[in-house]
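User: I am a first-year student, and I would like to go through this structure slowly, asking what lies behind each term.

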Amino acid sequence: MTIRAILKMGDTRLLRKAEPMQSFDSPELHTLIADMRETMAAVNGAGLAAPQIGVNLQLVIFGGTAVNPRYPDRPVVPCTVLINPVITPLGTEEDLDWEGCLSVPGLRGVVPRWSRIRYTGFDEKGQVIDRTVDGFHARVVQHECDHLVGVLYPMRIRDYSRFGFTEVLFPEISAAEDD
Ligand code: NI
């Protein structure tokens, strides 16, 4: 496994539409996912999309068993590999909450997301994933899948008075934990 470099906002590769994955369960795919897991773990991220390491495929990973020390009260999101995802909002309700992004280091902003969604797609073996989720889980999925259509969370912010540097907004969070 290899820790891969994460592209930062301003790199035009983050603005592309990702291509659908054509084949599953290949050695190349398993290696890519292992690299993404190691990369995400190294920076304590909540999720990572393949375009963030320069791979223009519809593949995201998120969740895990460890409770994030920054958000100990948040429900644990299952460790998931999601390929060729489709998100359907359920209802029109939105939630507002803080987000960060590994491609936008050192910053946080309040982002509106659908409160409740259904998402479908495939895991790395090509098995169907079909889940209805809400809250933080729904937020993570929407954030990661935005990376597959060239959208970074600052593009979703409506109130820029709640966008700023993590060290100023949340001085208790160390820079080392930033995502
Ligand atoms: Ni992100």
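Analyst: Let us begin with a term: a residue is called buried when its relative accessible area is under 20%. This is a predicted model, and in it histidine 143 and histidine 147 are both buried.

User: What makes Cys101, His143 and His147 donors of the nickel ion?

Analyst: A donor here is an N, O or S atom within 2.8 Å of the metal. The SG atom of Cys101 and the NE2 atoms of His143 and His147 lie at 2.1 to 2.3 Å, so they satisfy that cut-off. Along the chain, these donors follow the spacing C-x41-H-x3-H.

User: How do you know that strand 2 and strand 3 pair?

Analyst: Two strands count as paired if there are at least two bridges between them. Strand 2 (residues 59-62) and strand 3 (residues 80-89) are joined by 4 bridges and run antiparallel, so the condition is met. In this pairing, leucine 59 stands opposite isoleucine 83.

User: What makes strand 6 and strand 7 a pair, and how many residues lie between them in the hairpin?

Analyst: Strand 6 and strand 7 are joined in the antiparallel sense by 7 bridges, and the cut-off is at least two, so they pair. The hairpin that they form has 5 residues between the strands, and glycine 126 in its turn has a positive phi of about 90°.

User: Why do strand 1 and strand 7 stand at the edges of the sheet?

Analyst: The open sheet has 5 strands in the order 1-2-3-6-7, with antiparallel pairing. Strand 1 (47-49) and strand 7 (128-134) each have a single partner strand, so one side of each is left without a neighbour in the sheet.

Definitions and conventions:
Residues are numbered from 1 along each chain as its sequence is written. This is a predicted model: local features need pLDDT of at least 70, side-chain atom pairs count only at pLDDT 80 or more; totals for chains, interfaces and linings use all residues. Side-chain values use heavy atoms; hydrogens and water are left out. Donors are N, O and S atoms within 2.8 Å of the metal (3.2 Å for Na, K and Ca); water is not among the atoms, so sites may look incomplete. Buried means under 20% relative accessible area, exposed over 50%, partly exposed in between (1.4 Å probe, protein chains only).
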